[in-house]
Every structure is written in structure tokens, then in C-alpha cells.
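Reader: I'm new to this one. Can you show it to me and walk me through some side chains?
Author: Sure, here it is.

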Amino acid sequence: MKKFFQKFTLNSINLFGIFILFFFAMLFTILVLFEEYRDFEHESVALRQSYLKKQKAKAKDETQRVLKYIEYVYNSMQSNVKDEVLKENVINSIEHLFDRKNGSSYIFIYTLDGINISDPYKPHNRGKNMINLQDIHGKYMLKELIKEAKHGGGFVEYVWNNPSNGRLSEKVSYALTFKPWKWMIGTGVYLNEIDELIAINKTKLKKRLIKYMMEILTLSAILFWIAFVGIKLINNVIYKEISTFREFFQRAVKHNIIIDKRQIDIKEFQVLVGYVNEMVSEIHQRNHELKLLNTSLEEKVLLKTAKLQKQIKYNKQLVKAQDSFIKHSIHEINTPLAVIMTHIDIRKMKFGEDKYLTKIEAASKMIANIYDDLSYMVKKDRFTYDKQWISFSLFMQNRIDFFKEIARGNTHEIIGEIDPDIYIYMSDIELQRIVDNNLSNAIKYAYKHTEITVKLHEEDKQMILEFHTHSKEILDTKRIFEPFHQEDEIQGGFGLGLEIVHSICKKEHIEVNVTSDSKETMFRYIFVKGGFNNEDTFT
């Protein structure tokens, strides 16, 4: 939030606050309008239910009144008049008693089998079975009315054509039975009046809500402009005070001056004047002290620089001497080492092998491996190793054969699981450094009388080279690639072998994975088939 407001001016922050208030005012207005509309919906539902209840009561009362009339005529005149004549008189009386023009008050009479005895809307079908003649909707409605009448009277709600306006309207009918004649007597009422009343009320509500909205918007606009003008006046006063402070700081950079409190009008800002004046005085005092300190420091820096230059010159000479010593040492080691290796071969050819000669040969090969590491370290930064196509399979077999005597002298046996016909495009010297250092470390750290397994195979356009040993668990598999790092100092060595492997793998984009536990340690090297890697995957 702090960073958000840092991008705004005082005016923009104030306007932002006004818009926020305006937003909440509009939100409140919308909630009020929503509540008004929801209350109207609830009132409409209650009004509809009340109207339906009254219309049902009206239909029921009229039907019961007609049924009482029929029962009265039947009980008082049955003995004097024939049944058919009596029925006709009753029907004529009922038809004259109820208005049939607007459909608001009428009585229909059907037999319980569905025969039309008297229906003001279907006078042309009098005497006909309406269950057979009506459409599915009318047939269903008539059956439901007969069903309700048989069960002591009941209501049926449906949609029917309203004769008053010629449109479909909701309707509710009530029916009873006159058992002596097996008549169903009933009436129906239309419910369109309540819909018209609700529509009128909805129109009034809409006008009322629009009026509320316009009044609120007008009031909000007036308040917005009042707030805008007020904030503008306040901001002008604040800007004046800020300008005074700004001009003071601009002049205080070069001159030790103070602010006159009478220049500040706002009381809260007047409190800051004392602190600002004190701060400026303190800054100028510190600047004066700093200048004095700089003068003495310059002299000390000059003396220190002269000493450092002498030390740098001495260090360069020392590094040059060390480099010369290492180069000459490597050169001097090469000749006696070659003599030793040659005489070992001559001795073996002349007298055969013995355990002492085997140990001497193993030690000589280890010295040769160290020599190759030192030679590579000296040359790698000033010499480019050319790449060539190498039979990876044959190369690995040759290196395993070279280290077999060394492994045998250390009570180990190297098992090679090398797939044939695998080729790689790489410098043979750098590939040898990777392989030899891993085999040398495997022989050095593996438990006595255990096997060392070397695997080479292809998998998904990749060449996988693995070295498996049974040795002490490596606790930190990342640090072992650091220069001079040794987890087991008892074993000796310079700790440079894996650092050389690390640098070559990183340069050639060879992925390295090391896993180690109490049972087995595995170094895995993943080469893209052919030796062409596109990105650095060293881990």
C-alpha cells in the first residue's frame, strides 16, 4: 500500500479518496434500491397469495350456494314434479341467476361422466360428452374437477382463455357433486386482475426508484464538487508550506541557515521547524568533521596503496615462481616415471609377475594419474583440447584394463558392463580425466575385497556412464566437487580430481548425479548421444 501511494501526488490521493467515498455512496444507493425491489417482490407474492385465497373462497361460496339451492328445490318439489322437468327448471333458474357475459360469475354443470348439462362457454355442446370432445388440456381439467367433486369438493388451477380480453389467463375452479342426480356443479374465477394490479404497482415502483436515483446522483455530484473545491483550497495551503521547506533545503545544502517559524502558517508544520533547523546544523557540523577526516584519510590511503602495490608485486613474483616450480616439477617427474613404467614392463616380460612388482606397478600408475591431473591443471587455461570421434566403448575397456592392476593391488576387482559400438565426439584427454579420476577414487575409497562396477549404455538418445562402489556414505554430495575438499582425510590426496571432473563436465554440459548411502555409492554421467549438448545441465 505504501509503494502504491508513492506514485501519487497530494491532489491525486485526495481525488482518489473522493472517488472511493462516491463509490461507497453509489453502492449504498444500489443496496437501498435492491431492498426496495425485494420488498416489492415479497409484497407481490403476498398480494397474489391473498388474492388467490379470496378468489378460491368466492368460487367455493358460489358453488356451495348453488348446491344448497338445488338441494332445496329437490327436497321441496320432488314429489310434485317429474325429475326431468325439475332438472330443466333448476338449470334455467341457475342460468338466469348468473351473469355470463364477462365470465366473472358463472356456474357450469356436468354429469360425473363428463356430459355437458349447462356451461355458458359451451352452449353448443350441451348434452355431449366433453371428455371425448375436448383437447388434452380441457379433458385433463374436466377429469380433475370431477375427481375433486367426487371426493367432497376441491380446487383445480389451470390456464384458460379469458372471454373478457380474449387472452390466456390463470384460472381456478371449484366443484361439488349433487349425488341424487350425479351432477358436478362448479364455478371458476380468473386471476388476471392481480397481475394487472402488480404490473401497475411495478410501474409506480420503477418511477419511484428512478426518482431516488436522480436525487442521490444530484446530491452526490453537489457534494463531490464541494469536496473538490475544499480540498483544492487546503492543498494550496499545504503546497505553500511544502514549497517553503523545499526552498530552505535547497539553500541549506550550501549554506548553514535556519527557517524562520513565522514563515509557516500551519501549526503542525511549525513543530517541524525546530527539528529541521537542528538537523541542518548537525549535518553541516558533520560535514566539517568529515572534511577534516578525509584529509587525514587521503594520507593514510596513499601510504596503504604504496604498501599494497609492493605486496601485489611480490605476490605476482611468488605466483610466477610457484607456476614455474610446478611446470618444472611435472617435467622432471615425467622422465623418471616413464623409466619406471618401462622397466616394470621389461621386468614382467623377463621374469613374470610377482606381488611386489604388481604393487609397484599399481603405485606407478597412480603416480601417472596424478601427473596427468597436474599436467591438465597447468595447461587447461592456455591450451585448447581438440575434439574427435572416439569409440566410447573401446576407450572405457582400455581404461578398465589399465586400472585392473591397480585395483588388484588394492584387493578390488573391476567389473565392466560396456555396451558395444557407442561413439562420442570429445577430447580424449578430457574424457580420460573424467574416467581415470572416477576409477582412481573408486579404488581408493571402496571397501576391501569388494567389486567396482563400471557401466556404459545408451538410453533415450543419451549415453549413461556409471561407477558403482561399496564404500563409506558420502555425507555431502555437492561439496565433493569443490577444490581441496576431502570427506576422509585419512585416505590422503590433494582433493583436486573431482574438481577437474567438475570443470570438464560444466564446460562440456555433461549432467552429473551422485547418490550415496550405507550400501552403495554411484557416480552417474549423462552425455547427449554424439557429444553435442545444447544447454548446461550440470548439477
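Author: Let's start with Phe 178, which is buried, with a relative accessible area of 2%. Buried means under 20% relative accessible area, exposed means over 50%, and partly exposed lies in between (1.4 Å probe, protein chains only). A word on the source: this is a predicted model, where local features need pLDDT of at least 70, side-chain atom pairs count only at pLDDT 80 or more, and totals for chains, interfaces and linings use all residues. Residues are numbered from 1 along each chain as its sequence is written, and side-chain values use heavy atoms, with hydrogens and water left out.

Reader: Okay. Is Trp 181 buried or exposed?
Author: Trp 181 is buried, at a relative accessible area of 6%.

Reader: How many aromatic pairs are there?
Author: The count is 12 aromatic pairs. Rings of Phe, Tyr and Trp (its six-membered ring) pair if their centres lie within 6.5 Å; planes under 30 degrees apart are stacked, over 60 edge-to-face, and the rest tilted. Phe 178 and Trp 181 form one edge-to-face pair, with 5.1 Å between centres and 80° between planes.

Reader: Which residues join Phe 178 and Trp 181 in a cluster?
Author: Tyr 74 and Trp 183. Ring pairs link those two with Phe 178 and Trp 181.

Reader: What about Phe 392 and Phe 527?
Author: Their ring centres are 5.4 Å apart and their planes stand at 85°, so that pair is edge-to-face. Phe 392 belongs to helix α9 (residues 392-409) and Phe 527 to strand β12, so to speak distant parts of the chain, 135 residues apart. Helices (H or I, at least four residues) and strands (E, at least two) are DSSP runs, numbered from the N terminus.

Reader: Where do those two rings sit, buried or exposed?
Author: Phe 392 is buried, at 0% relative accessibility. Phe 527 is buried too, at 2%.

Reader: Tell me about α9. How many residues does it have?
Author: Helix α9 has 18 residues. From first C-alpha to last it reaches 26 Å, close to the 26 Å expected at 1.5 Å a residue. That expected span is 1.5 Å times one less than the number of residues.

Reader: Where does α9 bend?
Author: At Phe 403, by about 35°. The bend is the angle between axes fitted to the seven residues ending there and the seven starting there.

Reader: Which residues of α9 are buried?
Author: Among them are Phe 395, Met 396, Arg 399, Ile 400 and Phe 403. After α9 comes Thr 411, with a positive phi near 60°.

Reader: What does the charged end of Arg 399 sit over?
Author: The ring of Phe 402, 4.6 Å from its centre. A charge sits over a ring if NZ of Lys or CZ of Arg is within 6 Å of the ring centre and within 35 degrees of the ring normal. Lys 56 lies over the face of Phe 155 as well, at 5.3 Å from the ring centre.

Reader: What else does Lys 56 meet?
Author: Glu 157, in a salt bridge of 3.2 Å, N to O. Lys 56 is in helix α2 and Glu 157 in strand β3 (residues 154-162), so the pair ties together parts 101 residues apart in sequence. A salt bridge is a side-chain nitrogen of Lys or Arg within 4 Å of a carboxyl oxygen of Asp or Glu.

Reader: How many salt bridges does the structure hold?
Author: The structure holds 12. One of them joins Arg 38 to Glu 35, with the closest N and O atoms 2.8 Å apart. These residues are 3 apart in helix α2 (residues 10-77), about one helical turn. Arg 38 is partly exposed at 36%, and Glu 35 is partly exposed at 33%.

Reader: Which residues are linked in a network?
Author: Lys 387, Glu 430, Lys 507 and Glu 508, through salt bridges.

Reader: New topic. Which way do β11 and β12 pair?
Author: Strands β11 and β12 (residues 521-528) pair in the antiparallel sense, over 6 bridges. Two strands pair if DSSP finds at least two bridges between them. A hairpin of 4 residues joins β11 to β12, and Glu 511 stands opposite Ile 526.

Reader: Which side chains of β11 are buried?
Author: Val 512, Val 514 and Ser 516 point to one face and are buried. Glu 511, Asn 513 and Thr 515 point to the other face and are not.
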